[in-house]
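Good morning, everyone, and thank you for making the time. I would like to walk through one structure with you, going from cysteines and backbone geometry to a sheet and then to charged pairs.

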Amino acid sequence: MTAGSVVFLFVLTLAAGFFALNVQRLVSYLRVGVAEDRTDHPLVRLRNVLVIGIAQKKIFRDPVAGPMHALIFWGFMVLTAGTVEILIEGVFPSFSYRRFLPDLLYRGYAASQDVFAVLVIAAVAFALYRRLVLHPKRLEGDQLEHTDALIILSMIMGLMVTLLVLTACLLVVEPGAFGDEKVVSRPLAMGLAAVLSPGAAMAGYHVFWWAHALLILVFLNYLPYSKHLHVVTSLINVYFSNTNGPGTKGAMRFMDLEADVEQFGASDVEHLSWKNLLDGYSCTECGRCTDACPANITGKPLSPRKIVVNTRQRLLEKAPVLTGDRMEFLRPALLHGEGADAGATTVEEVLEHRLLDTYITEDELWACTSCRACVTECPVSIDQLDVINSLRRELVLTESRFPEELQPVFQSLERNGSPWAFQAADRAAWSEGLNIPTMAELQARGERPDLLFWVGCMGSFDDRAKKITVAFARIMQACGINFAILGQEESCHGDPARRMGNEYLYQMLAKGTIETLDRYEVRTIVTHCPHCFHQMGNEFPQLGGNYEVIHHSTYIERLLQEERVPLKSADGQKLTVAYHDSCYLGRYNDVYDAPRESMKRALPVINLVEPARTKDRGLCCGAGGGRMFMEERTGKRINIERTEELLATGADAIAVACPFCMTMMTDGVKASGSEVPVFDISEVVAGQLRSDGRTVGRSDGLTV
């Protein structure tokens with residue numbers, strides 16, 4: 001080994017040791033969180049890593065920044081091979097991949113280093129231009145975050161430039177060193193050869209080699225102190241995430257209320273799972289989540305990015321105390337970002353602080369509509385909603401802190417089995433004259449229906465939603481479906497209580513519903529409420545309730561495909577309809593096509609138009625997460641924002657597939673002064689039924 005090799009080995013050992021120490025410390029901080037098994041379905045997790053992590057599928061949802069970030073990421077992946085070669089070469093000067101790789105493979109490798117270095121330079125240049133000139137709103141964080149991004153981008157640029165220059169300098173001295181593969185470095189070498197002697201070029205090679213190698217080590221050890229720690233953790237985070245499977249999308253974390261535990265929900269980082277804390281390490285602070293958040297868009301205090309950043313800040317504030325880490329001068333800071341001024345300076349302050357209240361306020365948490373837009377947009381599979389739900393549970397179950405308008409909702413759910421003070425005896429009032437049997441009546445006759453029609457609280461009691469219920473019932477009757485309802489035995493399954501943080505009430509209601517369904521040996525359920533659809537189909541299994549649950553949009557489309565629906569002949573004026581996607585139907589369950597196809601099949605003359613934000617980018621109506629029962633006192637009303645988007649399409653009518661969306665869109669249309677009708681897809685189909693020469697089930701105000 002040469003003297004230079006010995007020096008580099010010493011530097012490399014120090015840098016690697018320092019990085020390993022920080023990695024060990026960051027991992028020990030994760031152990032502060034609650035244990036959670038994320039090792040199931042390894043093949044699904046590996047698929048997510050390949051599709052979301054390496055192929056960067058979700059990052060391309062942004063057509064401008066997506067390709068830029070993908071180029072930088074892919075460049076790092078390709079150039080890491082060259083980085084390893086350079087570091088080994090620093091210890092063993094004669095080392096080269098050329099000795100081990102087949103000629104064709106080496107030529108491809110050598111060319112890739114040049115090509116991707118240039119691509120990364122171009123991407124970084126554009127990133128700097130965006131930050132320094134364009135100033136996208138979602139990137140406007142605090143000054144430390146802005147400075148950190150500039151430091152990282154500058155280091156990446158420096159790595160690419162030094163790589164190209166050191167290669168060019170070597171080519172001046174040894175023109176045949178890399179064959180003809182260096183498509184960028186070789187022209188650069190020709191320019192350098194005109195002004196540098198071979199001796200000066202060799203000196204330049206050594207200078208830029210050392211600059212490149214040291215910059216690699218500096219970059220590596222800066223990451224634990226930067227939001228760009230995601231360079232290391234993002235693929236790991238994607239592997240352990242459940243936001244795109246395995247598991248059920250959007251299903252809230254199960255809480256064992258019978259276990260001997262003192263903490264319900266989360267008030268601080270040690271009550272969150274280690275995966276929630278890893279999310280904090282992995283946040284890129286790109287702001288996509290906040291940019292898509294309906295609460296933030298309309299001026300509410302909620303920022304999903306801030307929720308995740310605050311979680312990371314609080315972890316790095318409290319974990320050293322909990323783990324006994326006294327090497328404060330080595331501790332990764334990462335305390336920049338929104339809410340950074342909450343950081344404690346003494347152990348006493350650390351213990352006085354907590355994630356809830358010190359960093360994240362009640363108003364932020366109650367502004368959430370649980371629409372999953374933030375989760376859908378995150379390019380590294382962070383689950384912001386899981387943290388919000390855990391903190392809500394703490395507020396309700398442990399501290400009894402919630403908006404005053406929720407008190408009567410909780411009381412009514414407990415006493416009446418619905419969010420409103422209606423009597424169970426009135427649940428089947430909508431069915432008078434329709435000859436729809438109840439499960440109890442069929443059981444008394446020794447009969448069993450093919451499916452249970454779960455009407456839901458809105459469909460049973462809300463005057464507008466009852467029209468949807470009737471329309472769907474008539475469709476099934478027209479198709480000869482053997483179905484029944486529970487009538488007064490039906491009760492709220494508890495979804496509103498769960499989304500509002502009252503897990504005790506939820507489980508009481510859910511277990512009661514499961515007991516009723518199992519008593520009648522129900523196996524197949526159809527419902528027109530996406531909230532009922534999601535809760536009973538996806539979250540009831542946590543409590544032992546396993547049923548096939550079908551949303552009415554999917555069921556209607558199936559009936560139309562089988563040509564079982566007796567429709568009138570296609571005629572009438574072409575109707576332009578804008579469809580609004582329900583969050584619990586779309587982002588929670590990936591049902592986007594069925595509602596649209598149902599309308600198209602029922603109305604061949606329909607012209608379906610899409611608003612600016614549609615399908616998995618659709619804007620929430622504002623009713624989810626219990627917001628249906630809370631006042632909207634800050635900023636613009638979410639349903640007004642969404643209604644304006646739908647009306648801007650110039651549609652003759654607005655279609656929905658959710659009774660909650662129906663209420664919110666109808667109110668929005670009225671507030672705008674428009675007379676555009678809002679109807680459910682079942683009303684579209686029912687309006688086209690043949691029945692003794694007349695149309696049945698038509699929604700008020702809908703003319704086709």
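Before anything else, a cut-off that I will lean on several times: a residue is called buried if its relative accessible area is under 20%, exposed if that area is over 50%, and partly exposed in between. Please also keep in mind that what you see is a predicted model. With that cut-off in hand, E377, at 9% relative accessibility, counts as buried, and I will come back to E377 when we reach its charged partner.

Let me begin with the cysteines. How many disulfides does a search of the whole structure find? The search finds zero, and two cysteines show how that comes about. A disulfide requires two cysteine sulfur atoms within 2.5 Å. For C283, the closest cysteine sulfur belongs to C289 and lies 6.3 Å away, so the two are too far apart for a bond. For C492, the closest cysteine sulfur is that of C457, and because the separation there is 4.1 Å, this pair is also too far apart for a bond. As for their surroundings, C283 is buried, with a relative accessible area of 7%, and C492 is likewise counted as buried, at 5%.

I turn now to the backbone, where a word of background helps. Most residues other than glycine have a negative phi, and most peptide bonds are trans. Against that background, the bond joining G245 and P246 is a cis peptide bond, with omega at about 5°, and P246 sits in the loop that runs between α8, residues 230-240, and α9, residues 274-282.

Two residues other than glycine have a positive phi that I would like you to look at. In E285, phi is near 55°; this residue belongs to the loop between α9 and α10, the latter being 288-292, and with a relative accessible area of 4% E285 is buried. In D357, phi is near 85°, but here the residue lies in a helix, α14, which covers residues 355-359. Is D357 buried or exposed? Strictly it is neither, because its relative accessible area of 34% makes D357 partly exposed.

Next comes the sheet. Four strands make up an open sheet, in the order β6-β5-β7-β8, and their pairing is parallel. The edges are formed by β6, residues 606-609, and β8, residues 678-680, each of which pairs on one side only. From one strand to the next, the twist averages 35°. If you follow β7, residues 653-656, you will find three bridges that join it to β8, with the two strands running parallel, and within this pairing V656 stands opposite D680 of β8.

Helices pack against these strands as well. Helix α26, residues 593-602, packs on the sheet and touches β5 (575-579), β6 and β7, while its direction makes an angle of about 160° with that of β6. Helix α28, residues 659-672, lies across β7 and β8, and it runs at about 165° to β8.

Finally, the charged pairs. The structure holds 46 salt bridges, and I have chosen a few of them. In one of these, R61 meets E377, with the closest N and O atoms 2.7 Å apart. This pair links distant parts of the chain, 316 residues apart, since R61 lies in the loop between α2 (42-54) and α3 (65-91), whereas E377 lies in helix α16, residues 373-377. R61 counts as buried at 16% relative accessibility, and its partner E377, as I said at the start, counts as buried at 9%.

A further salt bridge brings together the side chains of R354 and E399, at 2.9 Å from N to O. These residues are 45 apart in the chain, with R354 in the loop between α13 (347-352) and α14, and E399 in the loop between α17 (384-398) and α18 (406-416). E399 counts as partly exposed, at 22% relative accessibility.

Now we meet D357 again, the residue with the positive phi. D357 forms a salt bridge with R401, the closest N and O atoms being 2.9 Å apart, and this pair connects helix α14 with the loop between α17 and α18 across 44 residues. To close the set, salt bridges that share partners join R393, D495, R498, R499, E503 and E539 into one network. I am happy to take questions.

Technical notes:
Residues numbered from 1 in each chain as written. Predicted model: local features only at pLDDT ≥ 70, side-chain atom pairs only at ≥ 80, totals over all residues. Heavy atoms only, no water. Buried < 20%, exposed > 50% of the residue type's maximum accessible area, 1.4 Å probe, protein only. Pairing = 2+ DSSP bridges. Axes fitted to C-alpha atoms, helices over the stretch in contact; angles between N-to-C directions. Contact = heavy atoms within 4.5 Å. Salt bridge = Lys/Arg side-chain N within 4 Å of Asp/Glu carboxyl O.
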